[in-house]
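Visitor: I would like a close look at a single part of this protein, namely the packing around its aromatic rings. Please take me through it in one connected account.

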Amino acid sequence: MSRRKTERLLNLVICLLATRRPLSAEQIRQAVPGYDRDGDEAFQRMFERDKNELREIGIPIDVVRDPWEDEPGYRIERESYELPEITLEPDEAAVLGLAAQVWQRASLAEAASGALLKLRAGGVATDRPVGASMGGGALELRVDTRDPAFPALWDAVRDRRVVRFDYRSAGSESVRARTVEPWGVVSRNGRWYVAGFDRDRQAPRVFRLSRVTGQVTVIGRPGAVEVPEGVDLRGMVGFPDDSTDERMAVVRVRQGTCEGLRQLASAVRTGDGGWDEAELPFTDPERLAGWMASLGADVEVVEPPDAREAVIRRLKGAMA
């Protein structure tokens, strides 16, 4: 992610956290650095992409529709966003202390303060002074994933325990049981992987979490897994087993809904029976399925078949 985009997303989070009332898209455009020099259409597309990315990493952006206003408003509720009290070990506190020093010295602080000053100048009340908003603990980093296997595999890596799970290979619908000594959980290009020793193949392997089906079962006692000295987990994940070529999904969208999806679509055709048809670029069918399933009954993936089946699996899992 470029520095400019990182600054813009951080400024957007701070802006929506600081405001006492929901902000319209135009107010956000004027307050957040990075939006103010774009044309109307470019701003709308960028704003929709930014909202979707923030929601994917666990930041809850509320949309408030006031019957007396023409446009919806946006804000982030502190109660839904702030973390509970955390107890840290001395070494963990030391790491966070170093990160805090980097944050304090970063030029992002000045840009974020400028966003809040713009809000005040425009007559928008904020909850906290500018300095407090940067140092008062409201802005927290989170690790978030929609992969159901993540918590169990994360715990198994922490406790150094062997796991067994069913795994669907790339480009295939066949599912096989795998017994793995997990060495670490790693993120690459927005996807999560577990790297470790595959007991069935007697070799180190990498598994993408979105392809793990069903429950992850823990086997044996804690401390049984030995991580080889000098193992490069990021290097192992550097050769994922799937293609990243962009493809196109055809999605039926209920009329009057899913504005964010429509903004990201490469084409939208007006249909009949209350439905439109959108063409949506994607690279990962499982990630697309997570997004489509979250939109509920307002969307239906028509093709390609692997993306459609991925959505069906998600919905069946939710029912179960």
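**Aromatic rings in the core**

Guide: Phe47 has a relative accessibility of 1%, and since buried means under 20%, Phe47 counts as buried. The model is a predicted one, and the values that follow are computed from it. Tyr35 is buried as well, because its relative accessible area is 0%.

These two residues belong to the largest nonpolar core, which has 20 members, and together with Leu12 and Ile28 they are the ones that touch the most other members. Helix H1 (3–18), helix H2 (25–31) and helix H3 (40–56) are the elements that each give two or more residues to this core, and H1 gives the most, with six residues. As background, nonpolar side chains in soluble globular proteins tend to be buried together.

Ile28 shows how this part is packed: when its neighbours within four places in sequence are left aside, Ile28 is in contact with Leu12, Leu16, Leu23, Tyr35, Phe47 and Tyr74. A second core, separate from this one, has 18 residues, including Leu261, Phe282, Val301 and Ala307.

Turning to the rings themselves, the count of aromatic pairs comes to nine. In the pair made by Tyr35 and Phe47, the ring centres lie 6.1 Å apart and the planes meet at 85°, so the arrangement is edge-to-face, for which the angle must be over 60 degrees. Tyr35 sits in the loop between H2 and H3 while Phe47 sits in helix H3, and the pair thereby links distant parts of the chain, 12 residues apart. Tyr35 and Phe47 also join Phe43 and Tyr74 in one aromatic cluster.

Another edge-to-face pair is formed by Phe150 and Trp192, with 5.0 Å from centre to centre and 70° between the planes. Phe150 lies in helix H8 (residues 150–159) and Trp192 in strand E5 (residues 191–198), so this pair ties together parts that are 42 residues apart in sequence. Phe150 and Trp192 are both buried. A ring is also involved in a contact with a charge, where the charged end of Arg252 sits over the ring of Trp275 at 4.6 Å from its centre.

To set this part in the whole, the protein has 12 helices and 11 strands, and buried residues make up 39% of its 320 residues. Among contacts between residues at least 6 apart in sequence, 60% join residues at least 24 apart. The accessible surface comes to about 18,000 Å², and carbon and sulfur atoms account for 51% of that surface.

Terms used. Residues are numbered from 1 along each chain as its sequence is written. This is a predicted model: local features need pLDDT of at least 70, side-chain atom pairs count only at pLDDT 80 or more; totals for chains, interfaces and linings use all residues. Side-chain values use heavy atoms; hydrogens and water are left out. A nonpolar core is a set of buried Ala, Val, Leu, Ile, Met, Phe, Trp, Tyr and Cys residues joined through side-chain atoms within 4.5 Å. Buried means under 20% relative accessible area, exposed over 50%, partly exposed in between (1.4 Å probe, protein chains only). Helices (H or I, at least four residues) and strands (E, at least two) are DSSP runs, numbered from the N terminus. Contact means heavy atoms within 4.5 Å. Rings of Phe, Tyr and Trp (its six-membered ring) pair if their centres lie within 6.5 Å; planes under 30 degrees apart count as stacked, over 60 as edge-to-face and the rest as tilted. A charge sits over a ring if NZ of Lys or CZ of Arg is within 6 Å of the ring centre and within 35 degrees of the ring normal. Accessible areas come from the Shrake-Rupley method with a 1.4 Å probe; for residues, only the protein chains shown count as cover.
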